[in-house]
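Hi everyone, thanks for making room for me today. Let's have a look at one helix and what sits around it.

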Amino acid sequence: MDPTFTLLPLHLDSTSKAVSSPMPHLTAPLATLTATHRILVPLPGQIPPPPLPTNPKRSAQIQKMRDQGNTSLRRSTADSAQEAVKLYTYGVDMALGRPGWEPAALVRDEAATLYANRAQAYMTVSMWPEGAADGATSVELKRGGNGKAWWRRGKCLAEMGRWEEARAWVREGLEVEGNESDLAGLNREIEAHLGK
């Protein structure tokens with residue numbers, strides 16, 4: 001016998017098919033195993049069902065929050081920007097609250113867009129730290145194809161006077177996004193300020 005093999009005293013009840021053991025530390029794991037077995041037995045073919053498709057109502061609600069936030073943000077007033085922040089926050093909460101079986105890529109895309117939009121709303125009311133945090137979160141969720149989030153965080157850092165950090169951030173964004181025009185313009189602005 002292999003020295004790493006340990007024979008455990010297990011008992012299978014022939015009628016209930018429950019697995020048990022006199023060893024107390026095995027009671028909880030065996031109860032979980034038995035419960036899982038009982039769930040799978042009545043299924044056709046005894047396999048778990050496939051995951052449910054994404055909930056179209058949730059997707060529609062998230063899109064609605066985004067669209068309403070965009071509409072509020074276009075009004076360009078402090079109150080409408082605060083309303084946009086609230087709507088984007090609702091959308092973020094809905095996107096991050098999706099069930100675990102729904103595609104993670106969908107959650108990342110929805111949340112990345114909403115965080116980037118909320119960063120812009122924060123910038124409208126000069127809430128630079130919040131905008132910088134949301135820009136970074138958006139980029140963390142979606143690095144490529146997210147030039148607006150790269151620009152928004154860089155702009156927030158510059159507005160807070162964190163020029164060196166802004167330069168490093170924008171340079172990294174340019175490496176990822178290529179020569180994206182807004183980022184390149186912000187990079188020139190930062191370099192001009194630091195060159196003084």
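Right at the start of H2, a side-chain oxygen of Asn55 comes to within 2.9 Å of the backbone nitrogen of Lys57. That's a polar contact, meaning a pair of N or O atoms within 3.5 Å, where within protein one must be able to donate a hydrogen and the other to accept it, and residues adjacent in sequence count only if both atoms are side-chain atoms.

Quick background: this is a predicted model, so local features need pLDDT of at least 70 and side-chain atom pairs count only at pLDDT 80 or more, while totals for chains, interfaces and linings use all residues. Residues are numbered from 1 along each chain as its sequence is written, and side-chain values use heavy atoms, with hydrogens and water left out.

Back to H2, which runs over residues 56-74. Helices here are DSSP runs (H or I, at least four residues), numbered from the N terminus. H2 reaches 27 Å from its first C-alpha to its last, close to the 27 Å expected (1.5 Å times one less than its number of residues).

So which residues of H2 are buried? Ile62, Met65, Gly69, Asn70, Ser72 and Leu73, where buried means under 20% relative accessible area and exposed over 50%, with a 1.4 Å probe and protein chains only. They sit on the same side of H2 because they cover an arc of only 165° around the axis, taken from the directions from the helix axis to the C-beta atoms. On the other side, Pro56, Lys57 and Arg74 are exposed.

And what do the buried ones pack against? Helices H3 (78-96) and H4 (104-124). Finally, just after H2, Ser76 takes a positive phi of about 60°.

Notes. Helix = DSSP H or I, 4+ residues; strand = E, 2+ residues; numbered from the N terminus. Contact = heavy atoms within 4.5 Å.
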